[in-house]
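Here is a walk through one protein chain, from a strand pair out to the cores and the domains. Have the sequence and the 3D view open as you read.

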Amino acid sequence: MGNSAEIEAANARIHQFYIDGAWVDATGPERADVVNPATEEVIAEVALGSVEETDRAVAAARAAFPAWAATQPMERAGKIARLRELILENTQYIAGAITAEMGAAISYAQAAQVPLAAEHLRAACEVLRDYEFLTRRGQAAILREPIGVCGLITPWNWPLYQITAKAGSALAAGCTVVLKPSELSPLSAALFADLVDRAGFPAGVFNLVNGTGPVVGARLAEHPDVDMVSITGSTRAGVAVAQAAAATVKRVAQELGGKSPNVILPDADLSKAVPPGVASAMRNVGQSCSAPTRMIVPRARLAEVEALAVRALEDMRVGDPTDADTTHGPSSNRAQYARVQTMIRTGIAEGAKLLAGGPGRPEGLTRGFFSRPTIFSEVTTGMAVAQEEIFGPVLVILAYDDVEEAIAIANDTVYGLGAHVQGTDMTLVRSTAAGIRAGQVHLNYPASDPHVPFGGYKQSGNGREYGVEGLEEYLEIKSILGYFDGE
């Protein structure tokens, strides 16, 4: 974990919860081990919250809501901007925590996990600068008001990034927050809560309770004083939250699973289309819900694609995530490692062509949740490896005979989170994108943009995060007729 004061502070903090502007001791005995996935060693122990502690956090958020909702947007933006500055100033320490708790290569944690999380806060401030909370329609006023107390449930794979994506928009809208981060990656969340405190947010505006989904998550979902729940996680978890929330008719935003396609059109420059596609599928060790893990390619060019895909793996270095030369660390936890290994064996049993990788750890690694970057070809849409979210460094290649078939393959999934299209003829690229049922489509590997909304179709969830649309998820709409009469 390292010896920095910040990391040691995070370790100490996860025995406590941040409620009503103060760190408070857990009242119950329940604990869970935090395991370093590279060494399989227990590095910390996190206190697991109870229903009672969750209720305390919700009560604090409820009490703080009226005053926070009444603040001026630029006052809220100032607090959020200060929080972003603190995150960037502490990148080294937060990245170290992320590497220790979920195995991201330190270079990736420093270059992506932390700075991209900070970008969400920058975007939230920029949205607030220009957003009109009151607009006119005829003689009526359309007023957008903060929805209230928001329960935020975040995952282990992008621990800080997902926290800022939700909390940035919720706080910007004027909502108060109770955060339940993953109990598998609580260190970075504790550091974030400390920075919230240092940024000067009023007591009760932001609260953190560690715990499990069936206890803390379920309580947030069912709580009558929680006005909205936003969850990023598996489709199974999203369904459970929606069911628990139904009795109180609260808003539920879900960013769930994915099996994103990457359609490579017949006119694409394969040297520019395939290697970045492999890298995108394997980013964060494949632990990204929108990773393009299905590469859909022209059958006539399949052999060329296969050769380029295998060659792209040569740039990957799997190993100790604290080594600056490592590009890919382990899967983040034992259960996910077991899942990846099972699915690789399933692909072989189904008859997919194994181009690279396979079961087991990479050569020279005898412990840790490390998997071999794996590529399957000659995959058909009926295979489990083409349908199920693996959430590991596994890419499957499917062949098509015409573009209509490529679109059909892309849509042959219960998911609809992300998609990619590569090609030279932009008319064809755009029409292909229009035919794919997904919430966000990337054309020819564009730069990321924190202002562009992100979310899913079908079983990938509902609602949107990032930018204006992300802010509006946390707003209610009030129509006031006659507001402008007499003017």
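Is strand S11 (residues 251–255) mostly covered or mostly open? Mostly covered: four of its five residues are buried, where buried means under 20% relative accessible area, exposed means over 50%, and partly exposed is in between (1.4 Å probe, protein chains only). Strand and helix labels are DSSP runs numbered from the N terminus, with helices being H or I of at least four residues and strands being E of at least two.

A word on the ground rules: this is a predicted model, with local features needing pLDDT of at least 70 and side-chain atom pairs counting only at pLDDT 80 or more, while totals for chains, interfaces and linings use all residues. Residues are numbered from 1 along each chain as its sequence is written, and side-chain values use heavy atoms, with hydrogens and water left out.

**Strands S10 and S11**

S11 runs parallel to S10, and five bridges join the two; strands pair if DSSP finds at least two bridges between them. Within that pairing, Ile 231 has Gln 254 of S11 as its bridge partner. Ser 230 also sits in S10, which covers residues 228–232. With a relative accessible area of 2%, Ser 230 is buried. Contact means heavy atoms within 4.5 Å, and, leaving aside neighbours within four places in sequence, Ser 230 is in contact with Gly 151, Leu 152, Ile 153, Lys 166, Ala 253, Glu 465 and Tyr 474.

Glu 465 turns up again in the contacts of Gln 162, along with Thr 154, Pro 155, Thr 232 and Glu 255, once neighbours within four places in sequence are left aside. Gln 162 belongs to helix H6 and is buried at 4% relative accessible area. How far apart in space are Gln 162 and His 120, C-alpha to C-alpha? The answer is 9.2 Å, although they are 42 residues apart in sequence.

**The S3–S4 hairpin**

Strand S3 (residues 31–36) has alternating side chains: Ala 32, Val 34 and Asn 36 point to one face and are buried, while Arg 31, Asp 33 and Val 35 point to the other and are not. That fits the usual pattern, since in a regular strand the side chains alternate between the two faces of the sheet. S3 is joined to strand S4 (residues 41–47) by six bridges, running antiparallel, and Val 34 stands opposite Ala 44 in S4. Four residues lie between the two strands of this hairpin.

Glu 40 is in that loop, and its phi is positive although it isn't a glycine. Val 249 has a positive phi too, again in a residue other than glycine. Here are the two together:

| Residue | Phi | Loop | Relative accessible area |
|---|---|---|---|
| Glu 40 | near 65° | between S3 and S4 | 25%, partly exposed |
| Val 249 | near 50° | between helix H9 (235–245) and S11 | 73%, exposed |

**Helix H3 and the cores**

Helix H3 (residues 73–89) has 17 residues and reaches 24 Å from its first C-alpha to its last, close to the 24 Å expected; the expected span is 1.5 Å times one less than the number of residues. Which residues of H3 are buried? They are Arg 76, Ala 77, Ile 80, Leu 83, Leu 86 and Ile 87. These pack against helices H2 (51–69), H4 (91–102), H5 (106–130), H6 (159–173) and H7 (187–199).

A nonpolar core is a set of buried Ala, Val, Leu, Ile, Met, Phe, Trp, Tyr and Cys residues joined through side-chain atoms within 4.5 Å. The largest has 77 residues, and Leu 83, Ile 87, Phe 192, Phe 201 and Phe 206 touch the most other members. H5 gives this core its largest share, 11 residues. Not counting residues up to four places away in sequence, Phe 201 touches Trp 68, Lys 79, Ile 80, Leu 83, Leu 171 and Val 196. Another core, of 29 residues, lies apart from the largest one and includes Met 343, Ile 344, Ala 386 and Ile 390.

**Domains**

The chain divides into domain 1 (3–256 + 460–479) and domain 2 (261–443), with bounds from an automatic or database domain assignment. Their centres, taken over C-alpha atoms, are 30 Å apart. Across the divide, 25 residues of domain 1 are in contact with 30 residues of domain 2.
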